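This briefing covers strand pairing, cysteines, pockets and a cavity in one protein model. The structure comes first, and the points that follow are grouped by topic.

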Amino acid sequence: MIYSQNLPDNTKSSLRVTLSDFSQGINTKLSENLLPLNYAVNTFNFNFNKRSLSTGLGIKEFEIPYGYGTKVLQTPTGVNQIIRCWVYTRFSHNTNSYVPLLVAYCDDGNIYYARLESSIATFTQINASFTDIPNGINYRIDEGDCFFLCGLNKISKFNGDSSVTTYTENVPSITSIALHAGRLFATVAGDENVLWFSDDLDPTNWNVSEFEGGYIELTGERGTLKKVIESNNYLYVIREYGISRVSAWGLQSDFVVKNMYLTTGKLYYNSAVLCGNTILMLCKDGLYYFDGVSMEKLNLGLDKYFENVDNSSAVGAFLDGKYYLACKLNYNDGRTIGCESSTYTNNTLLEFDISTGEIQILRGVDINYLHAVQAPLFSKLLILLNGSAGNKLYELTQDGKIEDNITTKIWTSPLTDMGYPAYKKVIKYFSLNTETDITVIFNVDGKDFEFKIKGSATPSRVPINIIGKKFSVTFKCEVASCEISNSQLEVALC
């Protein structure tokens, strides 16, 4: 398609602008006209870390390797929403090996488990139920490896064979839990300034006494207590506006509390995850890392995406060196992608490689919960969705699809005058390599011009012939797998 206009003959010079390295990533912080064209001001569903624009993230139904194939777990009868999942690993004396079980809490209030290393593809219900969302944790006691489900004024102990013991005496209303120095520590509902702890080596005894369980009151400007994380022999308490550290080795009289980080912005506590020796979490203005002493903001270039957004439902997970964040981002681009066509809680899954700093953005999926499944034979990111799709288990993929729906992939350059504000620019030709059909959109002085480019094994060179002072270029792909590279613009100044 050629847009014909009366182009001037008195061109001053011609420029070739190459977009051959998309790995510069995204920058929404700086003014667009100050950025080189190979930065993005808006991008999602592409993988740009290989310098080209290639197939991005996706999700599919959770598949478990077994034998020479895979199995898919069947949703329990009557369940419309799987709300939480955990991996419970116990040592089996019968097989002399560790046996991983997937434990699930569903919208019917019941607890189910499934064997990951078995041909059986069904869940089994156990004798435990909760009216609230419980917290799950592995804990080894005298009888072996057990899994404790901790909720409001109730703890259920599961030993892997459908046998469940429930404890209610003096149990607080637990909202998050962590193991530290042989005790369970918990934040609670109600008085959220109080940190509870169990008896030493007895996670079922919460009696308050000098030699059993007890609580610590933490007040002050850091706000209420939201989540506990154990790291490097310390217990870190994630609070509304800061972090406190607890050392609870020895007698209760020897417990030490130290206030650490303080911020004026809100911390989204369910996003806080231990990643190696570092805690990553989402705050109101972006993603931060806490190394046990100081807290620093990560420069991911996504600043504007977090503006005017409530991310109270953001959740995080860590797997294979990558931090995953399900959250809501404000793209402010006028597009409706995937789950955004109806009511949604989150619309984005962000992948951050903590060693390289590389990111990927999956837009259009409403995620309720993330869990890193690490089993002897595989490791996968388990995903639970909101809405009507929430009755299944999902996993992260690299195939550019959300189930059977191909993701819409977008990459948009800055709006630029190329450093020549006094000159008009004639975009003459555009060339690139792409073996799949794509759409290239030029925005010139506020008007969009679309060019459909057919996939080809040889480079494509497209006549453009558009004149204007400022322009940007957008790549749009609606094919699952793609590879776009070596794009180049031929521009004349006049």
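Two strands are taken to pair if DSSP finds at least two bridges between them. By that criterion, β18 and strand β19 (residues 214–217) are paired, since 4 bridges join them and they run antiparallel. The model is a predicted one, and its local features are reported where pLDDT is at least 70.

**Strand β18 and its partners**

- Within the pairing of β18 with β19, Val194 has Glu217 of β19 as its bridge partner.
- Strand β17 (residues 183–188) is also joined to β18, in this case by 3 bridges, and these two strands likewise run antiparallel, with Thr187 standing opposite Leu195 in β18.
- The hairpin of β17 and β18 has 5 residues between the strands, and in this hairpin Gly190 takes a positive phi near 90°.
- In a regular strand the side chains alternate between the two faces of the sheet. In β18 (residues 194–197) both faces are covered, with Val194 and Trp196 buried on one side and Leu195 and Phe197 buried on the other.

**The open sheet of β12 to β15**

- An open sheet of 4 strands follows the order β12-β13-β14-β15, and its pairing is antiparallel.
- The edge positions are held by β12 (135–141) and β15 (164–167), each of which has a single partner strand, so one side of each is left without a neighbour in the sheet.
- From one strand to the next, the twist of this sheet averages 25°.
- Inside the sheet, strand β13 (residues 144–151) and strand β14 (residues 154–158) run antiparallel and are joined by 5 bridges, and Cys150 is found opposite Ile155 in β14.

**Strand β42 and its partners**

- Of the 7 residues of strand β42 (residues 471–477), 6 are buried, so this strand is largely enclosed by the rest of the structure.
- Strand β37 (residues 409–412) pairs with β42 in the antiparallel sense over 4 bridges, and within this pairing Trp411 stands opposite Phe475.
- Strand β39 (residues 438–444) also pairs with β42 in the antiparallel sense, here over 6 bridges, and Val440 stands opposite Phe475 of β42.

**Cysteines**

- The structure holds 0 disulfides, a disulfide being counted where a pair of cysteine sulfur atoms lies within 2.5 Å.
- For Cys85, the closest cysteine sulfur is that of Cys106, and because the separation is 7.1 Å, the two are too far apart for a bond; Cys85 is buried, with a relative accessible area of 0%.
- For Cys150, the closest cysteine sulfur belongs to Cys146, and at 12 Å it is too far for a bond; Cys150 is buried as well, with a relative accessible area of 0%.

**Largest pocket**

- The largest pocket has a volume of about 1,600 Å³, and of the 47 residues that line it, Trp86, Gly136, Lys227, Tyr369 and His371 are the closest to its centre.
- At least two lining residues of the largest pocket are supplied by each of β8 (82–92), β12, β16 (174–180), β20 (225–231), β24 (267–275), β28 (315–319) and β32 (367–375), and the largest share, 7 residues, comes from β32.
- When sorted by class, the lining of the largest pocket has 25 nonpolar, 16 polar and 6 charged residues.

**Second largest pocket**

- The second largest pocket has a volume of about 620 Å³ and is lined by 25 residues, of which Glu32, Val41, Asn42, Asn332 and Asp333 lie nearest its centre.
- The elements that give two or more residues to the lining of the second largest pocket are β39 and β42, and β39 contributes the largest share, with 3 residues.
- By class, the lining of the second largest pocket divides into 7 nonpolar, 12 polar and 6 charged residues.

**Cavity**

- The structure holds 1 cavity of 30 Å³ or more, and about 30 Å³ of space lies in the largest cavity.
- The lining of the largest cavity is made up of Glu61, Phe62, Val72, Leu73 and Leu393, which divide into 4 nonpolar, no polar and 1 charged residue.

Terms used: Residues are numbered from 1 along each chain as its sequence is written. This is a predicted model: local features need pLDDT of at least 70, side-chain atom pairs count only at pLDDT 80 or more; totals for chains, interfaces and linings use all residues. Side-chain values use heavy atoms; hydrogens and water are left out. Buried means under 20% relative accessible area, exposed over 50%, partly exposed in between (1.4 Å probe, protein chains only). Axes are lines fitted to C-alpha atoms, for helices over the stretch in contact, and angles run from 0 to 180 degrees between N-to-C directions. On a 1 Å grid over the protein atoms alone, a cavity is a set of points where a 1.4 Å probe fits but cannot get out, and a pocket is an open set with protein on both sides within 12 Å along at least five of seven lines; lining residues have an atom within 4 Å of a point. Grid points are joined across faces, edges and corners, and a volume is the space filled by probe spheres set on the points. Ala, Val, Leu, Ile, Met, Phe, Trp, Tyr, Cys and Pro count as nonpolar, Asp, Glu, Lys and Arg as charged, and the others, Gly among them, as polar.
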